[in-house]
Amino acid sequence: MILTPIPASEVGPISRRSVALFGDAVGDHNPVHFDPEFARRAGLPDTVVHGPLTVALVVDRLVEEFGAERLLNIDVRLRGPVFPGDRLTVEPRAFGEADRGVAVYRANGDEVATAIVILAGDPDQ
Amino acid sequence: MNVETSPGVNHDLKGQVLVDTEVVVDPDRLEMLSAAIGSATGKVTATLVALFGPTLAGQDSVIGPLGLDLRRTLQGGQSYEWHRPFRAGERVGVTIDVEDIVEKQSLDLITVRAVFRGSEGELIQRQRSVFVQMREATEPSTEATG
């Protein structure tokens, strides 16, 4: 089975303004994304980027590479926090023989997300 | 970490529909989303991720009834199944239900599903959001991120 390769790419840095815009756009005003003191009380060193914003930024890399019309499905597992100012690296990853997608890393090497991606034109699609 | 205890996740909502309504895809919000993405393809990408099921009808539509405590809840997963992009200004139907609630050690894993349909009833998108809530006052899991 030959799946369309996904090239490596970079995202960010993710600004606090982007986080604020995203929160307003989707109506997610959880203070863990905006209030550093709330985040610290929750045991985090700083506010965290919305998980769906991280996902949207990964989707955007795929849109740029393949076009929106080829995107059928993405299934993302969020594995670690992303913080304002982070620059992310998106790298291709195989998930067994049948699935492929990407892994997302912070600059310090922390893996923050993995995603299985299905594109139109792949085998069985 | 000093976190107050509060009532846990409402397991009775498993399988229940929490939201069944119509919403308009707001062009201004699409613009904000595009700006948040901040790339040349942001306008296109925004039409794929324009609506986020758990908050589109307000924080009290899903988060509140489920009993999620935002001090100890983070998002652990998000999936999209696309059938077509959202269109600026269109009215879409949305049904949001609690697909699953699973107890796992000291965590509750809650899967919220949102299904969006166009004016002719055609499927636009399915999405799933997985939330992870600590059942007791413990450090946040590295499995969950926000």
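Q: What share of chain A is buried?
A: In this predicted model, buried residues account for 41% of the 125 residues in chain A.

Q: And what box do its C-alpha atoms fill?
A: Along the principal axes, the C-alpha atoms of chain A take up roughly 50 × 30 × 20 Å.

Q: How many helices and strands in chain A?
A: Chain A has three helices and five strands.

Q: In what order do they run?
A: Starting at the N terminus, the order in chain A is β-α-α-α-β-β-β-β.

Q: What about contacts within chain A, how many link residues 24 or more positions apart?
A: Take the contacts in chain A with a separation of 6 or more. Of these, 61% join residues 24 or more positions apart.

Q: Switching to the interface. How many residues does each chain put in?
A: Chain A contributes 44 residues to the contact and chain B contributes 39.

Q: Which elements of chain A give two or more residues to that side?
A: They are α1 (16-26), α3 (51-66) and β2 (71-78) of chain A.

Q: Which one gives the most?
A: α3(A) does, with 10 residues on the side that touches chain B.

Q: How does that side divide into nonpolar, polar and charged?
A: On the side of chain A that touches chain B, 26 residues are nonpolar, 10 are polar and eight are charged.

Q: Back to β2(A). How many bridges join it to β2 of chain B, and do the strands run parallel or antiparallel?
A: Five bridges link β2(A) with β2 (residues 73-82) of chain B. The two strands run antiparallel.

Q: What stands opposite V76(A) there?
A: Q78(B), in β2(B), stands opposite V76(A).

Notes:
Residues numbered from 1 in each chain as written. Chains lettered and ligands numbered in written order. Predicted model: local features only at pLDDT ≥ 70, side-chain atom pairs only at ≥ 80, totals over all residues. Contact = placed C-beta atoms within 7 Å. Helix = DSSP H or I, 4+ residues; strand = E, 2+ residues; numbered from the N terminus. Nonpolar A, V, L, I, M, F, W, Y, C, P; charged D, E, K, R; others polar. Pairing = 2+ DSSP bridges. Buried ≥ 20, exposed ≤ 12 C-beta atoms within 10 Å, placed from the backbone.
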